[in-house]
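Grab a viewer and work through the exercises below. Try each task yourself before you read its solution.

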Amino acid sequence: MANTELKDIVKALKEYDGEEVRIMEVCGTHTAAISENGIPSMLSDKIKLISGPGCPVCVTVTAVIDKLIELSMQENTIVCTFGDLIRVKGTNMSLADAKGEGAHVKMVYSPMETVKLAEEDPAHTFVFAAIGFETTTPVYATVLEKAIEKNLKNLKLLTSLKTMPEVIRWVVKNGGGIDGFIAPGHVATITGSDEYKALSEELGIPFVVSGFEGPQLLATIYALVSMKGKTGIRNMYKAAVSEEGNLKAKELVKKYFEPADASWRGMGKIKGSGMVLKEEYSQFDAGSMSLDEDHMPAGCCCASVLVGKIKPCDCPLFGKACTPDNAHGACMVSTEGSCYNYFVSGRK
């Protein structure tokens, strides 16, 4: 984008004085990029940016954490997970708390590390906490492929896998007031931009697929402001996103997983919004089914923050009892969480 074009876009966004436009980004990485680039300060007060349910750690219900803790307490079982999830509280404690009490919890940087661990230590069962959206599901399918190839009997997944279209539909129908969506860039690299065409027509709301650089996000917001009241999908991330998506990754997912209802933090069970292991691969499942219970910490407003009903700073715990160093809610734990990003960037 030429500097003159960017300058014109910034000026137009700052001076916008039309009807209020409420734009939701549903990707946690977009939430972080918007904060890091100081984009809210570049916008007119009539352009409202709302963070949606696009942080996988944030939307994982407490029953999943509780099950991981239960598994980690078993004598010959080791739970492997990413760092953020270790700090999310279940009903009574987090995986970090459980580890302090002797539970077997190991932080890894890649799910594929679990394959190596299981191969090198057949005396233990390794359970990977497989949470995420369409972006990471192909990685978990690859883990399964490797486990089958190596005939590993001591590797399992506890899955809490979500898909975007259904939760977007749920947010619009239960929250309302959204005029446009910044479609999730990372997810769209797998699903393709066409994933949102029918949804746009159904909901009467435009979608723009965006990358993560500041100038592109500003151009995306400008496009959505101009598309208010219209339908359609625009792809402004063509370097990574095609119309049809990553066909190879989608085929790999289809081989091992199938659609299912899924429970979301603060939203309950949403029909067809998740992925579970197919029956023929159930031996790799660590007990993922019926993990629906969700116990929010007292006073925590994550449920309302995740669907854009309130801003993080409207939660009575925000910045007081709940900070990144002492997170009560999951939205303050993850670097993709809206509460975390509001806190570290001073957003209001």
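**Exercise 1: the hairpin**

A260 has G274 of strand 11 as its bridge partner. Keep in mind that this is a predicted model.

Task: Starting from that pair, work out which way strand 10 and strand 11 run and how many bridges join them.

Solution. Step one: find the strands, with strand 10 at residues 257-264 and strand 11 at residues 268-277. Step two: check the direction, and you'll see that the two run antiparallel, with seven bridges joining them. Step three: look at the turn. The hairpin has three residues between the strands, and G266 takes a positive phi near 80° there.

**Exercise 2: sorting the cysteines**

Task: Decide how many disulfides the structure holds, and say what rules out a bond for C339.

Solution. Step one: start with C55 and C58, whose sulfur atoms sit 2.4 Å apart. The cut-off for a disulfide is 2.5 Å, so this pair makes it. Step two: get the handedness. The angle about the S-S bond is 70°, and the link of C55 and C58 is right-handed. Step three: check the surroundings of the pair. C55 is buried at a relative accessible area of 3%, and C58 is buried too, at 1%.

Step four: try the other candidates. C301 is in no disulfide, and the nearest cysteine sulfur, that of C315, is 3.7 Å away. For C339, the closest cysteine sulfur belongs to C331 and is 4.7 Å off, which is too far for a bond. C339 still counts as buried, with 8% relative accessibility. Step five: tally up, and the structure holds one disulfide.

**Exercise 3: the cores**

Task: Find the largest nonpolar core and say which residues have the most contacts inside it.

Solution. Step one: recall the background rule. In soluble globular proteins, nonpolar side chains tend to be buried together. Step two: pick out the largest core, which has 71 residues, with I168 and F181 having the most contacts inside it. Step three: ask which element feeds it; helix 3 (residues 62-72) gives the most, with six residues. Step four: look around F181. Skipping neighbours within four places in sequence, F181 is in contact with M24, V26, I168, V172, I205, P206, F207, V208 and L224. Step five: don't miss the second, separate core of 26 residues, which includes I78, A130, A147 and F257.

**Exercise 4: what covers helix 3?**

Task: Count how many residues of helix 3 are buried, and find what covers them.

Solution. Step one: count, and nine of the eleven residues of helix 3 turn out to be buried. Step two: name them: T62, A63, V64, I65, K67, L68, I69, L71 and S72. Step three: look outward. The cover includes strand 3 (77-81), helix 4 (83-86), helix 5 (95-100), strand 4 (105-107), strand 5 (125-132) and strand 6 (155-162).

**Exercise 5: two loop residues**

Task: For S193 and then T323, say whether each is buried or exposed.

Solution. Step one: place S193 in the loop between helix 9 (185-191) and helix 10 (197-203). S193 is buried, at a relative accessible area of 5%. Beyond its neighbours within four places in sequence, S193 is in contact with A188, V209, I233, N235, V241, S242 and E243.

Step two: T323 lies in the loop between helix 13 (302-306) and helix 14 (338-345). The cut-off for buried is under 20%, so T323, at 15%, is buried. Leaving out neighbours within four places, T323 is in contact with M332 and F343.

How values were computed. Residues numbered from 1 in each chain as written. Heavy atoms only, no water. Core = buried A, V, L, I, M, F, W, Y, C linked by side-chain atoms within 4.5 Å. Buried < 20%, exposed > 50% of the residue type's maximum accessible area, 1.4 Å probe, protein only. Helix = DSSP H or I, 4+ residues; strand = E, 2+ residues; numbered from the N terminus. Contact = heavy atoms within 4.5 Å. Pairing = 2+ DSSP bridges.
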